[in-house]
Amino acid sequence: MILQYLRTHVIDLPKRIVVGSGVRKEICRHVRELGLRDPILIVSGSGPTRHIASEVRDYLIDGGFEVFHTCVESASIDAANRVIEIAKECKAKTLIGLGGGKAIDIAKYAAYIVGVEFISMPTTASHDGLASPFASLKGMSTIYSRRAKAPMMVIADTEVIARAPKRFLIAGCGDLIGKFTAVLDWQLAHKLRGEYYGQYAASLSLLSARHIVSMSNVIARGGEEAARIVIEGLISSGVAMCIAGSTRPASGSEHLFSHALDLVANFPALHGEQVGIGTIMMAYLHGRNWRLIRRVLRKLGAPTTARELGVSGEKIIEALTIAHKIRPERYTILGEKGLTREAAERLAKVTGVIE
């Protein structure tokens with residue numbers, strides 16, 4: 001127990017966070033003020049974010065920086081390795097991840113491997129990886145987050161984020177709502193296993209979840225104000241992970257369920273949508289107010305049932321029975337043995353996730 005308290009971890013925090021309408025146009029000033037060097041490699045998605053990346057590239061070129069741009073199709077280790085090679089070939093000193101989850105995850109992982117600085121420029125508010133030092137990549141030995149580069153700077157343009165489909169914004173809310181059960185699982189591991197528990201990081205993570213609940217009426221209306229509320233919560237959650245030195249403040253049994261559902265149903269929905277439903281069920285196991293969580297998610301327009309998620313009840317049950325195996329070293333309310341099929345079915349039915 002004492003050794004757990006004395007363990008050391010390095011806290012890498014973003015040096016600058018810029019949130020506002022049109023802030024992408026100010027990137028040159030921020031890059032100069034932070035002393036970031038070129039060549040700069042922009043990593044974007046291959047869809048609509050490609051055009052925003054071209055706009056940002058032009059701003060940087062007009063500012064006198066040497067800039068390269070590459071697109072990625074998926075958040076896979078193969079795509080990440082390709083970006084790593086490109087970064088080495090162009091001798092990049094700074095990587096920019098511009099887009100949704102896949103572009104940001106690949107850029108931060110590539111920056112970590114190459115050993116250069118990283119800027120996060122989210123175009124959606126769908127997940128809290130935009131400010132964290134962890135990346136989720138497909139095709140690796142594990143399906144959960146791996147160590148990556150914490151961003152030197154986050155530039156979140158609410159004008160761009162508000163233009164994205166509202167579904168992404170609501171998914172970000174689901175990811176943040178999941179902090180309620182993630183922190184409960186962390187506390188449980190601390191009490192039963194002597195695992196390190198950081199009160200400050202946990203409190204910051206919970207604050208982001210409570211912020212979504214208190215501002216749910218505003219978020220449900222959408223627009224730039226909603227985008228700002230959600231993006232600030234996601235950044236806070238990412239900072240909590242930086243402080244904790246792990247994903248513990250932000251990822252617990254609700255995330256294990258989502259990862260398990262990805263395995264059995266081949267990534268059926270957005271990550272935050274799945275986490276939201278997982279949170280309903282895990283809150284029930286923790287004996288907390290799962291009905292409030294379900295009510296908030298419904299108000300926001302997030303899915304709360306298997307049907308709304310687009311999966312069968314059988315897949316929900318199957319995911320619940322294997323969720324504890326996803327990260328066996330991470331103790332949660334699911335325990336070491338997990339749920340039996342009967343217990344999983346009962347849990348999903350009593351919370352209304354399946355009929």
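In this predicted model, F267 is partly exposed, its relative accessible area being 42%. The residue sits in the loop that runs between α12 (253-265) and α13 (271-285), and its phi is near 50°, a positive value in a residue other than glycine. A positive phi also turns up at K91, where the angle is near 55° and the residue is again not glycine. K91 belongs to the loop between α4 (77-89) and β4 (94-99) and is exposed, with a relative accessible area of 60%. Another backbone feature worth a look is the cis peptide bond between D38 and P39, with omega at about 0°; P39 is placed in the loop between α2 and β2 (40-45).

Turning to the interior, the largest nonpolar core comprises 66 residues, and L95 and I219 have the most contacts inside it. Helix α11 (residues 224-244) supplies the largest share of this core, 11 residues. Nonpolar side chains tend to be buried together in soluble globular proteins. Around I219, once neighbours within four places in sequence are left aside, the contacts are K166, L169, I170, C173, I212, A226, I229, V230 and L300. Apart from the largest core lies another, of 26 residues, which includes A269, M281, A344 and L347.

Burial also extends to an acidic residue. D175, found in helix α7 (residues 166-177), has 0% relative accessibility and therefore counts as buried, the cut-off being under 20%. Which residues surround D175, leaving aside its neighbours within four places in sequence? The contacts are S126, H127, D128, H255, H271, G272 and V275.

Charged pairs come next, and a search of the whole structure finds 20 salt bridges. In one of them, D157 pairs with R24, and the closest N and O atoms are 2.8 Å apart. Because D157 lies in strand β8 (residues 153-157) while R24 lies in the loop between β1 (16-20) and α2 (27-33), this pair ties together parts that are 133 residues apart in sequence. Both partners, D157 and R24, are buried. A second buried pair is formed by K108 and D105, whose salt bridge has its closest N and O atoms 4.0 Å apart. K108 and D105 are 3 residues apart in helix α5 (residues 101-114), and so about one helical turn separates them.

Exposed or buried, where does the pair of E355 and R307 fall? Both E355 and R307 are exposed, and the closest N and O atoms of their salt bridge are 3.4 Å apart. Distant parts of the chain are linked here, with E355 in the segment after α17 (341-350) and R307 in helix α15 (residues 306-309), 48 residues apart. Through shared partners, salt bridges also join R24, E55, D157, E159 and R163 into one network.

Aromatic rings complete the picture, with 3 aromatic pairs in the whole structure. The ring centres of W186 and Y197 are 4.8 Å apart and the planes meet at 65°, so this pair is edge-to-face. W186 comes from helix α8 (residues 179-193) and Y197 from the loop between α8 and α9 (199-214), a link between distant parts of the chain, 11 residues apart. W186 and Y197 are both buried, and together with Y196 they form one aromatic cluster.

How values were computed
Residues numbered from 1 in each chain as written. Predicted model: local features only at pLDDT ≥ 70, side-chain atom pairs only at ≥ 80, totals over all residues. Heavy atoms only, no water. Salt bridge = Lys/Arg side-chain N within 4 Å of Asp/Glu carboxyl O. Helix = DSSP H or I, 4+ residues; strand = E, 2+ residues; numbered from the N terminus. Buried < 20%, exposed > 50% of the residue type's maximum accessible area, 1.4 Å probe, protein only. Phe/Tyr/Trp six-rings, centres within 6.5 Å; stacked < 30°, edge-to-face > 60°. Contact = heavy atoms within 4.5 Å. Core = buried A, V, L, I, M, F, W, Y, C linked by side-chain atoms within 4.5 Å.
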